[in-house]
Amino acid sequence: MPYLLGSDTPAETPGRRFRHLLERGGILQIPGAHNGMAALQARAAGFTACYLSGAAMTASMGLPDLGIITVDEVAFFIRQVARASGLPVLVDGDTGYGEALNVMHMVRTFEEAGAAAVHLEDQLLPKKCGHLNDKRLADARDMAAKVAAAARARRDLVIVARTDAAASEGLDGALARARLYVEAGADAIFPEALNTAEMFRAFAQGMPGVMLLANMTEFGRTPFFTASEFEAMGYGMVIWPVSSLRVANKAQAELYASIREHGGTQAMLDRMQTRQELYDSIGLHDYEALDASIVRTMLPDG
């Protein structure tokens, strides 16, 4: 609980900590955490980083994932997730909220809010979830300019370039774009919506020596693979972007239906986090102890 307690607040920047995780070898498992509580639970489960999905942020606000939230709204999510958990956070930066100067503003804002890494995608607005049809792609050189702008603006932030080109330009087109983005300054590449193990392997073989991110979203184009399977295909990171939100939303819908049916919550008690479990998760008693230990300020006479 590093935000106020401070005892385990890392000295290194989030970006450097994220780079160290990537340098350890093996595949970095990065679950989605759509709010501070989810991030705390991810940390308690043993994860060393978490992911903020644009789809999860917008859905939690009751909005579709069409690139309509703002830099400042995303920064609010970054602050709560990073502060609550202390984990390095990879953030969905959509299309960068504009052109090169807008991307630079996004990078500085996200880094100041506590982000460790950000990914940019090569769609045009209104952008769509990467697993939907009829996505419109930006010119590859325009996307490369955004990547270069992000790399210029960042201090330690890890820059991940996402390409959605496989669906419309094929694997060769996606690889050509990815190589251009690496030349522009991307630290890693995120090929979105690949739909077979063969495609994942072929993409990795076409990008030797480049850090790659795989997206294991549910109900999309990608079949279910485990982290170890992605690692064997040549990937160094895997995200489960919206899983926490899907589970939470399903549970909430069942709660509200049960209240309507039974006139109370009694049928759902065994599905609830108890008061003690909640207090343990958020460190209530640690905060109370901190508050009690602070010496009261005395004002001088006169």
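**Figure 1. Helices α7 and α8 side by side.** In this predicted model, helix α7 (residues 166-184) packs against α8 at an angle of about 25 degrees, and their axes sit 9 Å apart. Angles under 35 degrees count as roughly parallel, so α7 and α8 are roughly parallel to each other. Who does the touching? On the α7 side you'll find Ala166, Leu171, Ala174, Leu175 and Ala178, and they meet Met199, Ala202 and Phe203 of α8. Sort the residues of this contact by character and you get eight nonpolar, no polar and no charged.

**Figure 2. Another helix pair, α4 and α5.** Here we look at helix α4 (residues 71-85) and helix α5 (residues 100-113), whose axes come within 9 Å and cross at roughly 25 degrees. That angle makes α4 roughly parallel to α5. The crossing of α4 past α5 is right-handed. From α4, the contact uses Val71, Asp72, Val74, Ala75, Ile78 and Arg79, while α5 brings His105, Met106, Thr109, Phe110 and Ala113. This time the contact residues of α4 with α5 split into seven nonpolar, two polar and two charged.

**Figure 3. Ile159, tucked into strand β5.** Find strand β5 (residues 158-163) and you've found the home of Ile159. Is Ile159 buried or exposed? Its relative accessibility is 0%, so Ile159 counts as buried. Leaving aside residues up to four places away in sequence, Ile159 touches Val118, Val147, Ala150, Ala151, Arg154, Ala186, Asp187 and Ala188. Now look for His119: Ile159 and His119 are 40 residues apart in sequence, but their C-alpha atoms are 6.0 Å apart in space.

**Figure 4. Gln41 and a partner from far along the chain.** Gln41 belongs to helix α2 (residues 36-44). With a relative accessible area of 43%, Gln41 is partly exposed. How many residues lie between Gln41 and Ser281 in sequence terms, and how far apart are they in space? They are 240 residues apart in sequence and 7.4 Å apart from C-alpha to C-alpha.

**Figure 5. Asp94 and its positive phi.** Most residues other than glycine have a negative phi. Asp94 isn't a glycine, yet it has a positive phi of about 50 degrees. You can spot Asp94 in the loop between β3 (89-92) and α5. Asp94 counts as buried, as its relative accessibility is 4%.

**Figure 6. Ala193, a positive phi in another loop.** Ala193 sits in the loop between β6 (188-191) and α8 (197-205). Its phi is near 60 degrees, a positive value in a residue other than glycine. Ala193 counts as buried too, with 8% relative accessibility.

**Figure 7. Zooming out to the protein chain.** Put the close-ups back in place and the secondary structure comes to 12 helices and eight strands. The radius of gyration is 21 Å, close to the 19 Å that the globule rule gives for 302 residues, so the protein chain is as compact as a globular protein of that length. Along its principal axes, the C-alpha trace spans about 70 × 60 × 35 Å. Of the 302 residues, 47% count as buried. Take the contacts with a separation of 6 or more: residues 24 or more positions apart account for 70% of them.

Technical notes
Residues numbered from 1 in each chain as written. Predicted model: local features only at pLDDT ≥ 70, side-chain atom pairs only at ≥ 80, totals over all residues. Heavy atoms only, no water. Axes fitted to C-alpha atoms, helices over the stretch in contact; angles between N-to-C directions. Helix = DSSP H or I, 4+ residues; strand = E, 2+ residues; numbered from the N terminus. Parallel < 35°, antiparallel > 145°, perpendicular 65-115°, else oblique. Left-handed = near helix turned anticlockwise from the far one by under 90°. Contact = heavy atoms within 4.5 Å. Nonpolar A, V, L, I, M, F, W, Y, C, P; charged D, E, K, R; others polar. Buried < 20%, exposed > 50% of the residue type's maximum accessible area, 1.4 Å probe, protein only. Rg over C-alpha atoms; globule rule 2.2 N^0.38 Å.
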